[in-house]
Amino acid sequence: MVERVFSIERIPVRVGQPSGATFRRYIRNGAGVVLARLDSDRVEHLQSVCELSLQIIHYSLLAKEGWPLCRQIILAVAPRMEQLGYRAEWIHLLEASVSWARAEQDTVAEAEMCRILGQMKRLLDSYALAESWLEDSVAAFRLCGDARNVAVALNQLGRVRHLQYRYADAIVCVSEALTLLDTDDGERAESHYVLGMVALDQRRWADAEDQHKLALNFRLRAGYQRTIGWSYQNLGLVCLMQSIYGERDRLLEADEWLRLAADLLECVSDPYHLALTQNNLASVQVRLGHYHKALKPYQEASAALRSLGAQRPLAQTYNNLGLLYLRLGEPERAEDAFRDGVAVYISLGDHQSRLNTQHGIVLALLEQKRFAEAAELCERSLSEIDRLQSVPEEYEEKRKWYTESLQKAWQGIV
């Protein structure tokens, strides 16, 4: 594991901080409030709990007092922090807490916090950092001899490697996780989720659907409504993608799954996954020809994702907005949306997705009769297509797009 050192100076200092006995009393009393309210189903209660937790952890770190309580709060409140979209300050506190856990030689807490940090970095699309934290988590759980939590961390690592297009590595992670989990363990849903997403990216439609249905079955048995909503969303995505790329119309099935997901995710206050669902619901409406119905959910999804710092899904929403504006006969607005998406993909270093959205710019330029610009962008993009040869479907599809658009551009110039 790579040792990291974090300075408390990174954490903002609040005005009027207590000290000494007051610190200890504040931490003890606040911890009682947090732990008593964590099971509330009221969003306003949960938000206040998260805010109070941030303050308690902050004071504990400053005083270097109350590690057992601080540790307990961090591990208990982490799922709520993730659910409600807490990001920057939470991550800084967690990073400092990992150093404290190491100083206390609390390897179990270190492993848990590294896993949480890896998950948070993934949600912020910082995949290299997410991978590093999760590798640390796997190593620490192995030291503890905790096979189940090794599997939990491996599943999270598999998610990251899938997002890096490292499909074989992702499968290795979750395959090992499945060997470590009991046959009825609900954590197996995470393994099947990763296998389903790899199959979906590779356009193995039946395999993708089977894996996501397995994930749903485990989540239904666990009865956790939030993760059930995730599975509904994933099955809707399979039906949507097969309708777009698989020459089989499953749009009505997609719409049904996604509406089930949206209802659940709104009830449990999960803004991140609700935004993903809204994006896909809007895409279904576009495919059904209901263009004006799609505009509002796309806009709501992009606003939520911007506020959460979720760059990759935000770029996907920009891409979808661009396609919608083309259908609405607004190529200038389409161009702006596509360029916003390309900028995000460049910042992420995701050239596969960038080349997809970049073709949207070409389409917008052709609609505006800016043929020379369209031709130049097509030629530049075609020179980059070879980097996709490891994904044959993507390679052939994008080469076809750009070649056909280049011919249209040349015809316009002539």
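A residue counts as exposed when its relative accessible area is over 50%, as buried when that area is under 20%, and as partly exposed in between. Keep those cut-offs handy as we walk through this structure, which is a predicted model.

Let's try them out on Glu247. This residue sits in the loop between helix 11 (225-245) and helix 12 (251-267). Its relative accessibility is 82%, so Glu247 counts as exposed. Glu247 also has an unusual backbone angle to look at: its phi is near 55 degrees, a positive value in a residue other than glycine. As background, most residues other than glycine have a negative phi.

Now hop to another loop, the one between helix 5 (107-123) and helix 6 (127-144), where you'll find Asp125. Asp125 isn't a glycine either, yet its phi is positive, at about 65 degrees. Is Asp125 buried or exposed? With a relative accessible area of 8%, Asp125 is buried, whereas Glu247 is exposed.

Next, have a look at how two helices meet. Helix 3 (residues 67-84) and helix 4 (residues 88-103) have axes that come within 12 Å and cross at roughly 145 degrees. The crossing of these two helices is left-handed. On the helix 3 side, the contact is made by Trp67, Cys70, Ile74, Val77, Ala78 and Met81. Helix 4 brings Trp90, Leu94, Ser97, Trp100 and Ala101 to the contact. What kinds of residues are these? Sort the residues of this contact and you get 10 nonpolar, one polar and no charged.

Two of the tryptophans in that contact deserve a second glance. The structure holds three aromatic pairs, and Trp67 and Trp100 form one of them. Their rings are 5.0 Å apart, centre to centre, with 55 degrees between the planes, and the pair is tilted. Trp67 belongs to helix 3 and Trp100 to helix 4, so to speak across the contact, and the pair links distant parts of the chain, 33 residues apart. Both Trp67 and Trp100 are buried.

Another aromatic pair brings us back to the helices on either side of the Glu247 loop. The ring centres of Tyr232 and Trp257 are 5.7 Å apart and the planes lie at 35 degrees, so this pair is tilted. Tyr232 is in helix 11 and Trp257 in helix 12, 25 residues apart, and here again the pair links distant parts of the chain. At 16% relative accessibility, Tyr232 counts as buried. Trp257 has a relative accessible area of 22%, so it falls in the partly exposed group.

While we're at helix 12, look for Glu253, which is found there too. Glu253 counts as partly exposed because its relative accessibility is 33%. Between the C-alpha atoms of Glu253 and Val284 there are 9.9 Å, although the two are 31 residues apart along the chain.

Back towards helix 3 and helix 4, find Ile116, whose place is in helix 5. Ile116 has a relative accessible area of 5%, so it is buried. What does Ile116 touch? Leaving aside residues up to four places away in sequence, Ile116 touches Leu75, Ala78, Trp90 and Leu94. Of these, Ala78, Trp90 and Leu94 also take part in the contact of helix 3 with helix 4. For a sense of scale, Ile116 and Ala372 are 256 residues apart in sequence and 49 Å apart in space, C-alpha to C-alpha.

Two further helices round off the walk. Helix 9 (residues 188-201) has 14 residues and reaches 20 Å from its first C-alpha to its last, close to the 20 Å expected at 1.5 Å a residue. Of those 14 residues, 13 are buried, so helix 9 is largely enclosed by the rest of the structure. Just after helix 9 comes Arg203, with a positive phi of about 60 degrees.

Helix 16 (residues 331-348) has 18 residues, which should span 26 Å at 1.5 Å a residue, and its end C-alpha atoms are indeed 26 Å apart. Its buried residues include Pro331, Glu335, Phe338 and Tyr345. What covers the buried residues of helix 16? Among the parts that do so are helix 15 (311-327) and helix 17 (351-367). Just after helix 16, Gly349 takes a positive phi of about 70 degrees.

Key. Residues numbered from 1 in each chain as written. Predicted model: local features only at pLDDT ≥ 70, side-chain atom pairs only at ≥ 80, totals over all residues. Heavy atoms only, no water. Axes fitted to C-alpha atoms, helices over the stretch in contact; angles between N-to-C directions. Helix = DSSP H or I, 4+ residues; strand = E, 2+ residues; numbered from the N terminus. Left-handed = near helix turned anticlockwise from the far one by under 90°. Contact = heavy atoms within 4.5 Å. Nonpolar A, V, L, I, M, F, W, Y, C, P; charged D, E, K, R; others polar. Buried < 20%, exposed > 50% of the residue type's maximum accessible area, 1.4 Å probe, protein only. Expected span 1.5 Å × (residues − 1). Phe/Tyr/Trp six-rings, centres within 6.5 Å; stacked < 30°, edge-to-face > 60°.
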